[in-house]
Structure formats: C-alpha cells, structure tokens
Amino acid sequence: MMEKLTLHEFSQSGNCYKIRLTAALLGLKLERREYDIGKGETRTAEFLANVNANGRIPVLQVGDRFLPESNAACWYLADGTALIPEDRFDRADMLRWMFFEQYNHEPNVATLRFWLAFVGEAALSEAQRAQIGPKRAAGDAALKLMDEHLAARSWFVGERLSLADVALYAYTHVAEEGGFDLSAYPAVGEWLQRVAAEPGYVPMAA
Ligand SMILES: N[C@@H](CCC(=O)N[C@@H](CS)C(=O)NCC(=O)O)C(=O)O
C-alpha cells in the first residue's frame, strides 16, 4: 500500500495541478497543504529546511519524505500504471515531452500567465516587461510545435493519454490567461477537450 501522500501546493499553479490531475486519474487520495507564494510562504527558513531547499512548490510528501519538481512527483504517482507507456521508446518519448514542457513551454506560457494574471503588468519590473515579447514568441513557438504534432494524432505519445499529456495540459488549458490565443492552434484545442473527457479528470479549481 502507498504511504500517505500530501501535496504542498499553491492551488492555482499548473505545476501543482499536474500532480492533482495525475492522482485523480489514478484514483489516488492526496492531502493538500496550501501556501501563498505571493507572501513568500515557500521561502521561510522552516520551508527551506524541511520541505524544499529550492523554495518552491509543488512538493509531494510521501510519508516523511519530500519530492519537489512536478514531473518527478507525477512519475512517482504513475509509476507502474497505464499513464506511463510500457514500450521503452515511448517511455523515453514521454520524458522528451515532459522536458520540453519544462524548458520550452512552462517558462514562457506559465510565466506570462503568472505575470499578467496574478502579478499584473503594472507591477512588473522593467526587466520583466522587457521579457514579455520574447516569452510571447517562445510560448507561441511551443504551442505551434504542439499543434503540428497533434494534427496527426490524438495523444502526445502512443495511442493513449500519458504523463506527457498531463504535464502539457496543465498550463496550456489556461494559456489564454497569459494572453495566448489558443484559437490559432486547433489541434491543441481538440486535444484539450480529449484530456478533459478522460475518466477521473478534475478541473484545476477542484
Ligand atoms: N520546475 C518546478 C517549478 C516550480 C515552480 O516554479 N514553482 C513556483 C510556482 S509554479 C513557485 O513555487 N514559486 C514561488 C517562489 O519561487 O517563491 C516544477 O515543475 O515543480
């Protein structure tokens, strides 16, 4: 039996939602502990010493051990289930899309959502404001690549939903909050609907 699972989170974060969605798709129960990142609650001495020395959520607590990094936490929950392909190449290809999510997608799509919908443009520093254009271009490039990939298939890897879809869904489905126009990516739009129709799916706000 799996040890007690506690998600240290900020519930409006897509990185945290990935883990809740993975757990829901697998029918796993998660305790939740909320932190206000706007108030620096993940930067306290107590949090840094006991939860994550990197000062960020999400962190999945498994019994008395702490696992930061959303995609690692999703892997922990899904290990040995149908959310991770059995085929060796497909498993590596799934990781490819999860690394793409962290390197090409999240730093652009999620950051613009955070800056524009949570912090507010007027409160951004000059350096952040200067980054809006480059991040918009890089985010659109990531969405375009996803759209081209999905034009000929239903899921990112193989014939069914995997962690690659979960990881990329989390911030894509709220990309418009960061000013991205998803109508430019019709295959992405259809894929978003397929993910939301999966048994066990929970919305971000749940
Ligand atoms: N690569 C990490 C990113 C974690 C991350 O950036 N967390 C943000 C919220 S989504 C955070 O904790 N920000 C608060 C801070 O940096 O103080 C993951 O995928 O979990």
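Here are some friendly notes on a predicted model, covering a few helix contacts and some individual residues.

1. **Helix 1 against helix 6.** A good place to begin is the pairing of helix 1 (residues 14-26) with helix 6 (residues 163-172), whose axes lie 8 Å apart and make an angle of about 140°. Angles over 145 degrees would count as roughly antiparallel, so this pair is classed as oblique. The crossing of helix 1 and helix 6 is right-handed.

2. **Who meets whom in that pair.** On the helix 1 side, the contact uses Gly14, Asn15, Tyr17, Lys18, Leu21, Thr22 and Leu25. Helix 6 answers with Leu163, Val166, Ala167, Tyr169, Ala170 and Tyr171. Sorted by character, the residues of this contact are nine nonpolar, three polar and one charged.

3. **Helix 6 against helix 7.** Helix 6 also packs with helix 7 (residues 186-196): their axes come within 11 Å and cross at roughly 110°. That angle makes helix 6 roughly perpendicular to helix 7, and the crossing is left-handed. From helix 6, the contact takes in Asp165, Leu168, Tyr169 and Thr172; from helix 7 come Val188, Trp191, Leu192, Val195 and Ala196. Seven of the residues in the contact of helix 6 with helix 7 are nonpolar, one is polar and one is charged. If you are browsing the model, Tyr169 is worth a click, as it is listed in the contact with helix 1 and in the contact with helix 7.

4. **His105.** This histidine sits in helix 4 (residues 88-119). Is His105 buried or exposed? With a relative accessible area of 0%, His105 is buried. Its side chain makes a polar contact of 2.8 Å with the side chain of Thr172, and Thr172 is also one of the helix 6 residues that meet helix 7. Leaving out neighbours within four places in sequence, His105 is in contact with Phe100, Ala110, Ala142, Leu143, Met146, Leu168, Tyr171 and Thr172.

5. **Asp147.** Here is a charged residue to look at in helix 5 (residues 126-150). Asp147 has 13% relative accessibility and therefore counts as buried, the limit being under 20%. What does the side chain of Asp147 reach at 2.9 Å? The partner is the backbone nitrogen of Ala187. Not counting residues up to four places away in sequence, Asp147 touches Ala184, Tyr185, Pro186, Ala187 and Val188. One of these, Val188, also takes part in the contact of helix 7 with helix 6. For a sense of distance, the C-alpha atoms of Asp147 and Ala72 are 25 Å apart, with their positions 75 residues apart in sequence.

6. **Arg91.** Arg91 belongs to helix 4 and counts as partly exposed, at 31% relative accessibility. Apart from residues up to four places away in sequence, Arg91 touches Trp75, Ile84, Pro85 and Glu86. The C-alpha atoms of Arg91 and Val157 are separated by 8.4 Å, although the two residues are 66 apart along the chain.

7. **Two backbone details.** The peptide bond from Ile57 to Pro58 is cis, with omega near 5°. Pro58 is found in the loop between helix 2 (45-50) and strand 3 (59-62). The other detail concerns Glu69, which has a positive phi of about 80° although it is not a glycine. Glu69 lies in the loop between strand 4 (65-68) and helix 3 (70-78), and its 45% relative accessibility makes it partly exposed.

Technical notes
Residues numbered from 1 in each chain as written. Predicted model: local features only at pLDDT ≥ 70, side-chain atom pairs only at ≥ 80, totals over all residues. Heavy atoms only, no water. Axes fitted to C-alpha atoms, helices over the stretch in contact; angles between N-to-C directions. Helix = DSSP H or I, 4+ residues; strand = E, 2+ residues; numbered from the N terminus. Parallel < 35°, antiparallel > 145°, perpendicular 65-115°, else oblique. Left-handed = near helix turned anticlockwise from the far one by under 90°. Contact = heavy atoms within 4.5 Å. Buried < 20%, exposed > 50% of the residue type's maximum accessible area, 1.4 Å probe, protein only. Polar contact = N/O pair within 3.5 Å; in protein donor to acceptor, adjacent residues only side chain to side chain.
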